[in-house]
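Trainee: I'm new to this structure, so please pick one part and walk me through it slowly.

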Amino acid sequence: DCSVLHAACLSKGIMSLHSPQCRHLSESPQSEAALHLRDILFGGTARYSTVPHPLNICGTAHGRIAGGNLSVLHSLISTPYDVFQKGTILFIEDINEPVYRIERMLYTLKLSGALQHLSALIVGQFTDTKEHTGFGGTLYGIIHSLVKDCNIPVCFDFPVGHCERNFPIIEGADATLAITPEGVCLGMG
């Protein structure tokens with residue numbers, strides 16, 4: 001996963017694009033995500049609006065946006081490439097990761113204090129993750145229970161990750177995230 005490359009760029013103050021890859025662009029050149037990427041590459045703005053999710057925690061946040069694959073980001077804690085910095089709007093996603101591992105990683109982040117000093121959390125797509133309600137609920141429900149007392153806005157089911165609807169995120173850009181009962185707005189740059 002290229003999340004480690006994004007984190008390395010971020011550590012040097014270089015912005016990068018977490019976005020659809022070449023394969024997605026060739027297979028679906030007119031997809032919503034591909035059109036957003038084209039707009040950014042040709043100087044347009046990165047502003048997205050999405051529908052509300054019942055688990056969202058409303059609020060507004062400002063900060064530098066960073067994130068990516070949770071498994072990779074978790075392995076970078078306390079290294080020079082740690083993205084869990086104070087004031088960050090963090091987005092997380094993953095692929096083919098069991099629910100119990102995602103829960104364990106998030107417990108580590110919570111107990112270390114990494115989640116509490118974020119400006120906001122964007123929970124993206126966890127592709128090919130098999131739901132197993134025996135672990136205390138759905139994946140998003142488990143995440144919600146872990147972050148609800150962090151006193152930060154949290155957006156669920158944002159279109160970012162290993163999926164067709166993977167909106168480009170300008171990692172390292174200044175961003176504003178507004179989560180209301182009517183929906184979610186994210187602007188970067």
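Mentor: Let's look at strand 9 and then at another covered element, helix 6. Keep in mind that this is a predicted model, where local features need pLDDT of at least 70, side-chain atom pairs count only at pLDDT 80 or more, and totals for chains, interfaces and linings use all residues. Residues are numbered from 1 along each chain as its sequence is written, and side-chain values use heavy atoms, leaving out hydrogens and water.

Strand 9 covers residues 183-188 (strands are DSSP runs of E, at least two residues, helices are H or I, at least four, numbered from the N terminus). Five of its six residues are buried (under 20% relative accessible area, 1.4 Å probe, protein chains only), so the rest of the structure largely encloses strand 9.

It has two partners, strand 2 (residues 46-50) and strand 8 (residues 174-180). Pairing takes at least two DSSP bridges. With strand 2 there are five bridges, running antiparallel, and Thr50 sits opposite Val184. With strand 8 there are six, again antiparallel, and Thr180 faces Gly183. Strands 8 and 9 make a hairpin, with two residues between them.

Now helix 6 (residues 139-147), where seven of nine residues are buried. Among them are Leu139, Tyr140, Ile142 and Ile143. The buried residues of helix 6 pack (heavy atoms within 4.5 Å) against helix 5 (99-112), strand 5 (120-127) and strand 6 (154-156). In the loop between helix 6 and strand 6 lies Asn151, a non-glycine residue with a positive phi near 60°. Asn151 is exposed (over 50%), at a relative accessible area of 75%.
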